[in-house]
Every structure is written in structure tokens, then in C-alpha cells.
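Please open the model in your viewer and keep the selection panel at hand. The tour below moves from one selection to the next.

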Amino acid sequence: MSLNTWLLLTPQLLIALGVVCCLLLISWQRSQQLIAWFTLMVMLVTIVATVSLIGQTAVHITELIYVDSFSLVAFLWVLLAGFSAVYMSKAYLHSHLEVHDEFYLLLLLTVLGAGVLVASDHFASLFLGFELLSISLVGLTGYFRHQRHAIEVSFKYLILSASASSFMLLGIAFLYSQTGSLSFVQIQPENADNMIAQMGFLLFIAGIGFKLSLVPFHFWTPDVYQGSPTPVTFVLATISKSAMFIALAKCIYVEGFQTLVALPSIHHALSALAIISMIVGNCLALGQNNIKRILAFSSIAHMGYLMIVLLVHQQQSILLARQAVLFYLFAYLIANIAIFGMLVLIERDRNVGNNIELAHWKGMFWHSPYKAFVLIVAVLSLIGIPLTGGFIGKFYLMILAANNALWPLLIALIVGSGIALGYYLPMIFQLFKQDVVKISHITTWRTRLWLSVIFLLSIGVGILPDVIITPLLNF
């Protein structure tokens with residue numbers, strides 16, 4: 001391989017090297033602080049390396065991996081989520097006496113699996129990244145085995161992942177039987193009306209649907225969100241879903257898959273999956289009191305919104321669709337960093353474990369207005385209110401839906417966003433209610449700095465997207 005090829009593979013190699021060094025570090029000295037700072041440093045160095053590579057000429061690294069600016073920006077989002085997860089874990093694990101070095105090792109393996117997924121250009125590499133991601137997350141969801149529901153949650157996630165693998169493998173086998181190739185770019189069904197190829201494609205989508213929690217594959221997702229440690233729930237909501245969606249997008253934007261998606265039967269099936277996810281996800285979130293369950297159901301709706309970008313049929317819209325995916329995932333990531341980071345702080349301040357209800361946000365505006373402002377901006381971004389990144393992300397989706405005459409999906413997006421007000425606004429109202437119990441909020445300078453960065457990014461991406469993020473998406 002040429003030097004340029006090795007350079008483009010640097011981010012994944014750095015994370016892999018970090019995993020090996022982590023193992024050696026654990027065998028040399030078990031220190032939670034040492035391993036946490038080491039993991040943060042690995043993430044930081046990889047982020048810098050990834051940013052420096054964006055804009056380079058796209059390269060096929062063997063038949064399995066294709067690295068271009070799209071996959072590099074996607075991996076940058078994964079790394080930012082991984083960095084945030086490590087930072088949250090430092091605060092979360094601080095209250096647990098047991099040494100948790102392996103927790104950070106599993107986090108690095110999760111990021112590595114996501115890195116393989118976003119760079120994959122072959123079903124073999126996609127499945128390898130998928131399994132690496134899933135197995136690490138099974139360990140993370142049940143990591144605190146003495147906590148209530150830990151084993152149950154881990155077991156449920158294992159079954160979900162096994163179901164996803166089964167559907168995906170069967171779909172890949174059907175596609176291979178009809179095309180004779182496992183490479184994305186070489187998938188060219190000789191006859192688009194071939195029922196086996198169509199069935200294989202739908203089974204493959206169903207497998208990924210389990211990981212994206214699309215309806216009707218969403219069962220147990222709220223349970224897994226609620227019962228997992230909060231930093232792990234954050235990883236499930238951001239790294240896992242982002243990597244799987246990017247891998248799916250890379251498949252679907254290839255010419256052979258575009259032929260399949262253009263078929264009326266496949267197009268209608270995917271449209272129905274998106275619309276049901278938008279409406280059902282939002283409706284199920286109504287009336288929930290547990291914040292993690294609300295975020296679980298809302299994530300179903302957000303993945304439904306994003307499916308609009310997979311259904312564009314005009315070739316000139318595909319570049320905009322790729323940019324829309326990355327922009328939407330970035331806005332979603334920033335909002336989730338703010339909310340999950342705040343959940344970790346509240347768990348520490350109130351000692352309430354994993355079960356944070358809406359009532360635990362009560363009166364925060366009067367006790368800690370700065371934290372409340374960050375939460376309000378994050379929730380408004382998830383709703384899609386102007387001046388936030390979420391609004392620009394939904395605007396992208398609406399333009400794509402209108403340009404491609406996807407009117408049912410556009411209507412579902414608007415209706416779903418309207419329903420979402422029914423559970424997002426009560427989250428904000430709780431912050432302004434008077435609480436009879438005054439809780440002391442511990443805010444260090446590092447927490448203030450972290451809150452400031454998230455606040456500025458949330459607002460900045462909504463007001464000045466051309467300055468902050470669009471330069472990264474001009475590929």
C-alpha cells in the first residue's frame with residue numbers, strides 16, 4: 001500500500017493501537033485515573049489526525065475499506081461522542097469503589113467497531129465492525145452487574161444484537177446468491193425484479209433496523225436505555241446509531257442498491273418503515289416520566305426522520321443527502337452530549353441511580369440557571385426550533401423531501417415534530433417549577449468549561465452553520 005493509503009487509515013490504526021496499549025497498561029498497573037486519561041489522550045490524538053485528513057482524495061484500501069471525506073467526517077462524530085463518553089464515565093465511575101479499567105477498554109473497542117463500520121465498503125467489513133461494536137456494547141450494558149436490571153438489560157441487548165446479526169446475514173446470503181459479490185460497488189442485480197434479491201435487501205434493512213430501533217424492531221430499546229449506565233446509554237444513542245446509519249447510507253448510495261430502492265415495492269416498504277417510526281416513536285414517548293425512556297422513544301422518531309435521506313431518487317440530491325446525514329447526526333450528537341452529561345451530574349448530585357424522572361429536573365432553573373439554559377437549548381434542538389442545530393438539520397430533510405416529491409414523508413416529519421412537543425415541552429417546564437427541596441449542584445471549572453462549549457456549539461451551529469460545520473461537509 002502507498003503512504004497515502006496508510007495515512008487515510010491512521011484514525012482506525014490509532015484506536016487499534018490504543019486498545020493494545022490499554023491492555024498492556026492494565027496488566028502493568030491498575031489505575032482508574034491513569035486509564036481514563038490515557039483513553040482521553042488516544043481519542044484526542046485520533047480526532048486531530050482525522051481532522052487533518054478530511055479533504056484528501058478518496059482511496060479504496062483493499063476491497064473491504066473505502067475511505068473518503070464522508071466516512072472521515074462520520075468517524076469524527078464518532079470520536080467526539082467517544083471523547084464525551086469517556087469524560088462522562090470519569091464522573092460516573094468516580095462514585096464506584098471497584099477499579100473499572102476494562103470499562104474504558106470496551107469503550108475503545110466500541111469506537112474501533114464504529115470506525116470499521118463507517119469505512120466499510122464490503123459486507124464482510126460491515127459485519128466485522130457490526131460484531132465488534134455489538135459485543136463491546138453487550139459488555140458495557142451489563143458492566144455494573146450488581147446494579148438492578150444490569151443482567152436483564154445485557155441479556156436483552158444480546159438478543160437484539162443476535163437477532164440483528166441473523167437477519168443481516170440471511171439478507172447478505174440472499175444478495176450474494178443473486179449477484180455473486182459481497183462488495184457494495186459490485187452489487188448489480190441482473191434482474192431488478194428478482195424476488196430473492198429484493199427479499200435479501202429487505203432482510204438486510206431489517207437487521208440494521210434492530211440497531212437503529214426502527215419500528216417494529218424497537219422492542220426492548222427503552223428497557224436497554226433505562227437499565228444501562230448513563231454513559232453507556234449515551235454511547236448507544238450516538239456512536240451505535242450514527243455508525244450503523246452511515247454504513248447503511250454508504251450501501252444505499254451505491255448504484256446497484258439505488259436500482260433496488262427505486263423499485264416501487266422496496267420504496268413503499270422503506271417509506272412505511274420511516275413513517276411508522278416517526279409517528280409511533282413520538283406517540284410512545286408521550287406520558288413517559290423516565291427521561292431515558294423518553295430519549296429512547298424519541299431516538300426511534302429521529303432515526304425515522306433521517307430515513308428520508310435514504311429515499312432520494314434524484315442523482316443531484318445524493319450529495320445534499322450525504323451532507324444532510326452528517327449535519328443532522330452532528331446536531332443530534334451535540335444535543336445528546338448536553339442532556340446525557342447533565343443526567344450524569346444529576347445522578348451524582350441527587351444519588352438517584354439510573355432512574356432519573358422528570359421530577360428530578362424540577363426547579364433546576366432556580367438552583368443552577370446555567371445548567372438549565374444548556375438543557376433548554378439541547379431540548380429545543382431536538383424539537384427543531386430555529387436558532388438551534390436541530391432546526392437546520394430538519395430544514396435539510398424538508399428540502400430533500402420536497403425536491404424528491406416525498407410528500408407522505410414530509411407530512412409525517414411535520415406531524416411527528418408536532419407530537420414531539422407533547423413530551424419535549426414538559427421537560428422544559430419542569431426546570432421552571434419551584435422545588436421545595438433545594439439541591440446543591442457541584443460545578444467545577446472543568447464542568448463549566450464543558451457546559452460553555454456545548455452551549456456555544458448548540459447555538460453556533462444553528463446561527464452560523466456555514467462557519468462552524470459546513471466547511472467540513474464540502475466534499
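Begin with the second largest cavity of this predicted model, to whose lining α14 gives the most, with 4 residues. Select His302, Tyr328, Ala331, Tyr332, Ala335, Ser381, Leu382, Gly390 and Lys394, which line this cavity. At least two lining residues come from each of α14, α16 (369-383) and α17 (389-403). The space enclosed is about 60 Å³, and the lining divides into 5 nonpolar, 3 polar and 1 charged residues.

Keep helix α14 (residues 315-350) selected and add the largest nonpolar core, which has 176 residues, with Val309 and Trp361 having the most contacts inside it. Helix α14 supplies the largest share of this core, 22 residues. Centre the view on Val309: leaving aside residues up to four places away in sequence, Val309 touches Phe245, Tyr253, Ala321, Ala324, Val325, Leu397 and Leu400.

Move next to the largest cavity, with a volume of about 140 Å³. It is one of 5 cavities of 30 Å³ or more in the structure. Its lining is selected as Tyr157, Leu160, Ser161, Phe210, Lys211, Ser213, Thr221, Val224, Tyr225, Leu236, Ser240 and Lys241. Helices α7 (150-179), α8 (195-212), α9 (221-227) and α10 (230-252) each contribute at least two of these residues. By class, 6 are nonpolar, 4 polar and 2 charged.

Now turn to the pockets. The largest pocket holds about 470 Å³ of space. Of its 17 lining residues, select Phe83, Ser84, Tyr87, Trp450 and Val453, the closest to its centre. Two or more lining residues come from each of α3 (32-53), α4 (69-93), α14 and α19 (445-463), and α19 provides the largest share, 7 residues. The lining comprises 15 nonpolar, 1 polar and 1 charged residues.

Tyr87 also leads to the second largest pocket, where Tyr87, Lys90, Ala91, Arg348 and Arg446 lie nearest the centre among 14 lining residues. This pocket contains about 360 Å³ of space. Its lining takes at least two residues from each of α4, α14 and α19, and its classes are 6 nonpolar, 5 polar and 3 charged.

Finally, select helix α5 (residues 101-119). Its 19 residues should span 27 Å at 1.5 Å a residue, and the end C-alpha atoms are 28 Å apart, which agrees. Is α5 largely enclosed or open? Because 17 of its 19 residues are buried, α5 is largely enclosed by the rest of the structure.

Terms used. Residues numbered from 1 in each chain as written. Predicted model: local features only at pLDDT ≥ 70, side-chain atom pairs only at ≥ 80, totals over all residues. Heavy atoms only, no water. Core = buried A, V, L, I, M, F, W, Y, C linked by side-chain atoms within 4.5 Å. Buried < 20%, exposed > 50% of the residue type's maximum accessible area, 1.4 Å probe, protein only. Contact = heavy atoms within 4.5 Å. Expected span 1.5 Å × (residues − 1). 1 Å grid on protein atoms, 1.4 Å probe; cavity = no way out; pocket = protein on both sides within 12 Å on 5 of 7 lines; lining within 4 Å. Points joined across faces, edges and corners; volume = space filled by probe spheres on them. Nonpolar A, V, L, I, M, F, W, Y, C, P; charged D, E, K, R; others polar.
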